[in-house]
Amino acid sequence: MQRRRPRGAAKCKREVENGSGRGGRFLAKHEKGSEAMGETKEKKGFFRRLVEGLSKTRDNIVSGIDAIFSGFSSIDEEFYEEIEEILIMGDLGVNATQAILENLKKKVKEEKIKEPAACKELLIRSIKEQMDVGETAYRFENETSVVLVIGVNGVGKTTSVGKLAGKLKAQGKKVVLAAADTFRAAAGEQLGEWAHRAGVDLIGGQEGADPAAVIYDAVAAAKARKADVLLCDTAGRLHNKKNLMEELKKINRILEKEFPQAFRETLVVLDGTTGQNALAQAREFSQVAEITGIILTKLDGTAKGGIAVAIQSELGIPVKYIGVGESIDDLQKFDSQEFVNALFNVQQEGED
Ligand SMILES: Nc1nc2c(ncn2[C@@H]2O[C@H](COP(=O)(O)OP(=O)(O)OP(=O)(O)O)[C@@H](O)[C@H]2O)c(=O)[nH]1
Ligand SMILES: [Mg+2]
């Protein structure tokens, strides 16, 4: 088969194009139909910020993919191999990438596609399908609930708790924060600052206190103050991993016993810049807790955003929020369809 470019050329082109922020732009159908003006406006803002934040991942994926689509004149094994390489480099992970490619090959066959360029939309559709974890529920926002926020050290737990408190408070909810990270000296203080910023109550924060006892007190306070949501920040670093996991089990037992009527949400915070490590962490936490969602942080700047695909595809756990900065407004609900559009720089209908 004749090809205009030898294998590997896609990579060279990718390097040349990196940083230019260019990428194929085409219109995608807006899958959600018509929306209220306000929501559309908010979505646009979200989309633009996501496009900005994902610039590095996107440059890798989009320019690489575009180079393959224009560089190959026929669809063959090498064409698929190049796509595979780019997806793995974009941090989508080996398993998710393979599933996406299988799906793509099936679609190419079914729809009798012959032109490489016609594959791009199919690839985007395959990635979206691979990320499908059903409807992402935010029931805790509308019920009396306890949100336990867990994760290893430094991933952004305290920051995310603070941002989430701000978000809920803005919705008119009564929020109580539990400072159950008593391991690190400044942890309580740090959460205290967030409580102040968000304008919500804080329980605990004494260094060296028993985290489970803090949770016990916080539950009592949440009940007495008729709070809508109790948000619990936890330690990411204990003497060792076994301690950390034991501590979480103990906290869970207290919550089950003392607040059985509350809706439970357990969110694992993962640092988006750590790529495949984040996936391993989520797996470990899922062994000790019933994880209901992920907060993927630090997707601004130089994030390896493809990890969101790997998480939803491999773990089947929805990414519920993404962190896109350090201030209180920098937490967004995650929509995998829009995320893939942003990753591929697919312009939403109606955007400039
Ligand atoms: N750019 C960026 N920085 C973030 C984001 N989320 C958190 N950070 C930063 O990451 C650092 C660690 O955040 P923390 O919230 O303290 O992380 P933690 O998981 O509570 O850490 P430990 O309590 O030590 O386990 C801080 O400097 C935050 O400002 C984000 O979405 N984007
Ligand atoms: Mg913390």
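What follows walks through the fold, the central sheet, a helix pair and the ligand shell of this predicted model.

Starting with the overall picture, the protein chain is built from 13 helices and eight strands. Of its 352 residues, 46% are buried. Among the contacts with a separation of 6 or more, 79% link residues that sit 24 or more positions apart. One pair to look at in this light is Val 346 and Val 62: 284 residues separate them in sequence, yet their C-alpha atoms are 10.0 Å apart in space. Val 346 lies in the segment that follows α13 (336-343). It takes 20 or more C-beta neighbours within 10 Å for a residue to be called buried, and Val 346 makes the cut because it has 23 of them.

Now for the sheet. Eight strands line up in the order β3-β2-β4-β1-β5-β6-β7-β8, giving an open sheet with mixed pairing. The edges go to β3 (201-204) and β8 (331-333); each has a single partner strand, so one side of each has no neighbour in the sheet. On average, and ignoring direction, neighbouring strands are turned by 25° against each other.

Strand β4 (residues 229-234) sits between β2 and β1 in that order. On the β1 side (residues 145-150), the two strands run parallel and are joined by five bridges, with Val 146 partnered by Leu 230 of β4. On the β2 side (residues 175-180), the strands are again parallel, this time with six bridges, and Leu 177 has Leu 231 of β4 as its bridge partner. Leu 177 also stands opposite Leu 202 in β3, where β2 and β3 pair in parallel over four bridges.

How enclosed is β4 by the rest of the structure? Largely so, because six of its six residues are buried. Val 229, Leu 231 and Asp 233 point one way from the strand, while Leu 230, Cys 232 and Thr 234 point the other way, and all of them are buried. Asp 233 is thus one of the buried residues here, sharing its side of β4 with Val 229 and Leu 231.

Helices pack on this part of the sheet too. Helix α9 (residues 211-224) touches β2, β3 and β4, and its direction makes about 165° with that of β2. Helix α10 (residues 241-258) lies across β1, β2, β4 and β5 (263-271), running at about 180° to β1. Strands β2 and β4 therefore turn up in the lists for both α9 and α10, going by the DSSP numbering of the elements.

Next, a helix pair. The axes of α4 (residues 77-89) and α5 (residues 94-110) come within 9 Å and cross at roughly 145°, and the crossing is right-handed. On the α4 side the contact is made by Tyr 80, Ile 83, Glu 84, Leu 87 and Ile 88, and on the α5 side by Val 94, Thr 97, Ile 100, Leu 101 and Lys 105. By type, these residues divide into seven nonpolar, one polar and two charged.

That leaves ligand 1. Its surroundings count 22 residues, of which Gly 156, Thr 158, Thr 159, Gly 236 and Gly 323 come nearest. The shell breaks down into eleven polar, eight charged and three nonpolar residues. Helix α7 (residues 157-170) gives the most to it, with three residues.

Definitions and conventions
Residues numbered from 1 in each chain as written. Chains lettered and ligands numbered in written order. Predicted model: local features only at pLDDT ≥ 70, side-chain atom pairs only at ≥ 80, totals over all residues. Near = placed C-beta within 6 Å. Nonpolar A, V, L, I, M, F, W, Y, C, P; charged D, E, K, R; others polar. Buried ≥ 20, exposed ≤ 12 C-beta atoms within 10 Å, placed from the backbone. Pairing = 2+ DSSP bridges. Axes fitted to C-alpha atoms, helices over the stretch in contact; angles between N-to-C directions. Left-handed = near helix turned anticlockwise from the far one by under 90°. Contact = placed C-beta atoms within 7 Å.
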